[in-house]
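I sat down with this one to see how its chains meet and what holds the strands side by side. Here are my notes, in the order I looked things up.

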Amino acid sequence: MARAVVTLPAQAKRGEIIEIKTLAAHPMETGFRRTQLGELIPRDIIRRFTCTYNGTEVYRVDLHPAMSANPLIAFTTVATESGALSFQWVGDNGYTVTEIASIRVE
Amino acid sequence: MITRREFLVLTAASVAVPAAVKAQVDPNLVANRKAAFQDALRRIVSDAQVRRGRVKLQLPPLIDNGNSVPLSVAVESPMTDADHVKAIHVLTEKNPLPDVVSVRLSPRAGRASLATRVRLADTQTVTAIAQMSDGSFWSDSAEVVVTLSACLEEGLI
Amino acid sequence: MSLRTGVRSLAWVAACALLANAWAAEIPLGERRSGYDLMSRETRAMQDEDATNPGMLWVLDGEALWNRKAGAAERACADCHGDARASMKGVAASYPAFDSSRARPVSLEQRINLCRTGRQKAAPLAYESKELLALSAYVARQSRGLPISILIDARSKPFLEAGREAFHRRQGQLNLACAQCHDDNWGKRLAGSVIPQAHPTGYPLYRLEWQGLGSLQRRLRNCLTGIRAQVPDFGAAELVDLELFLMWRARGMKIETPAVRP
């Protein structure tokens, strides 16, 4: 099942700033909602998103319940070298998703 | 759809439920949330002064739905080793929690920016704070009007 | 003129005015607008870009399901229908469509389940389940940009008329007919939201209020809850008849699935 979608160019020129857009499938339950009988629905969110470029962390996001469901995180990074961009989402209840994309840098 | 019998049985059972579970509105809601916002701000900047500028926070002034408000932050910075944005924080003063999102970055980002979608509980001011490599703090705020959707799923009882 | 003739003519004039109102209510074809036009720039951008449209998460799931073998017959949708990009083009734009085995029009979701049970020999997917939403989103995505084209013939006409009647009938504790908001008062505000013309051009869609993808029938049930009317179960004949009428009313408008709406 699609747990995350990552969009970025397959190739770029060295030094070029590329745009990366990520979407993760997650309800981001705030922990503030109640059932019709008044019981609190426990918090269940993605807590951290990390983008690693050939092993080096280049962007890190700490998410709180105020982030919408199915969170979009769009950012930029400098295309320094060819290789692999790894995207990882970690959250409550053992949630962990990793997506890897290759990039060719000329 | 819950039947009348099921509802009565469940309601009877819920009387035995501890008080902590029952929903209660904080009588000092506004004041407490404002204080929480100040605490969160203090946690980020401690004693440093926060200056207006260099940060551009964009939110639609009137939004379609408070569950998903498009937000973008961009910070003017050369993003070099000598002068770059180390972190971006977004805070609110009327949400149940003041923190919305925090970003840690480096010159590798190329541009200090974030585009995402956030939840806003009420018409309010949203604040973005940028922490620079030289230790300075810059900020921007935006006001948003939040309305309620029509034709919701709740209201079955 | 005597008093009696006077009163009779007055009643006649009043009756004509009421009748005129009933027919003038329908939106002229050229004035029809998708709910897309009423949204903010940012929400429209969310729909336009696949990279930022959360509905795409379901479309991708649907693609995986399309290719997965299922049921006692060990068949995938792809085994009969091949590449959905070709075979499903225009399909969602023509649903609900008449099904001979049921002797009535069926919705796209019901059609998928007819295939599941009849051809794949698998259990039907529950209404509003992640799988059924994903499959219908994937199929409907293949009609994106195509005009809605509902075939009405002697067999389906009675069901269209039933749907039309339901659209114009006052119901619920608030005693409101769909037409009163969506034909007569579209563009005006209700509780802070702008009332759309209610054309189902983008279903299943990602509703910001739901924070998830949902079907047209889920939205119709929300509306009926809103006017405090009795809400039919998913898949009920009344809901499919209403779907048929709404899609026919939106004929010629382009499919936007997966749309985003507030």
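**Entry 1: ground rules.** I count two strands as paired if DSSP finds at least two bridges between them. I also keep in mind that this is a predicted model.

**Entry 2: a strand pair across the chains.** I looked up β6(A) and found that two bridges join it to β6 of chain B, residues 112–118. The two strands run antiparallel. Which residue of β6(B) is the bridge partner of A:I73? I found B:T116 there.

**Entry 3: the contact of A with B.** I then went through the whole contact, to which chain A gives 28 residues and chain B gives 31 residues. On the chain A side, the elements that give two or more residues are β5 (56–63) and β6 (72–78). β6(A) has the largest share of that side, with seven residues. By class, I noted 18 nonpolar, six polar and four charged residues on the side of chain A that touches chain B.

**Entry 4: the sheet.** Next I traced an open sheet of 10 strands with mixed pairing. I read its order as β2(A)-β8(A)-β7(A)-β4(A)-β5(A)-β5(B)-β4(B)-β7(B)-β8(B)-β1(B). Which strands lie at the edges? They are β2 (11–12) of chain A and β1 (50–52) of chain B, each pairing on one side only. Within chain A, I checked β4 (residues 46–53) against β7 (residues 83–91): seven bridges join them, and they run antiparallel. One pair I looked up there is A:T52, whose bridge partner in β7(A) is A:S86.

**Entry 5: a helix on the sheet.** I followed α2 of chain B, residues 29–45, and saw that it packs on the sheet. This helix touches β1, β4 (85–92), β5 (99–105), β7 (124–132) and β8 (137–144) of chain B. Its direction makes about 175° with that of β4(B).

**Entry 6: chain B as a whole.** I listed two helices and eight strands for chain B. Reading from the N terminus, I get α-α-β-β-β-β-β-β-β-β. Of its 157 residues, 35% count as buried. Among contacts in chain B between residues at least 6 apart in sequence, 65% join residues at least 24 apart.

**Entry 7: two helices of chain C.** Last, I looked at α6 (residues 108–118) and α7 (residues 130–141) of chain C, which pack at about 110° with their axes 10 Å apart. Because of that angle, I call α6(C) roughly perpendicular to α7(C). From α6(C), the contact is made by C:L108, C:E109 and C:I112. From α7(C) come C:L132, C:L135, C:S136, C:V139 and C:A140. I sorted the residues of this contact into six nonpolar, one polar and one charged.

Key:
Residues are numbered from 1 along each chain as its sequence is written. Chains are lettered from A and ligands numbered from 1 in the order in which they are written. This is a predicted model: local features need pLDDT of at least 70, side-chain atom pairs count only at pLDDT 80 or more; totals for chains, interfaces and linings use all residues. Two residues are in contact if their C-beta atoms, placed from the backbone, lie within 7 Å. Helices (H or I, at least four residues) and strands (E, at least two) are DSSP runs, numbered from the N terminus. Ala, Val, Leu, Ile, Met, Phe, Trp, Tyr, Cys and Pro count as nonpolar, Asp, Glu, Lys and Arg as charged, and the others, Gly among them, as polar. A residue is buried if 20 or more other C-beta atoms lie within 10 Å of its own, exposed if 12 or fewer, and partly exposed in between; C-beta atoms are placed from the backbone. Axes are lines fitted to C-alpha atoms, for helices over the stretch in contact, and angles run from 0 to 180 degrees between N-to-C directions. Angles under 35 degrees count as roughly parallel, over 145 as roughly antiparallel, 65 to 115 as roughly perpendicular and the rest as oblique.
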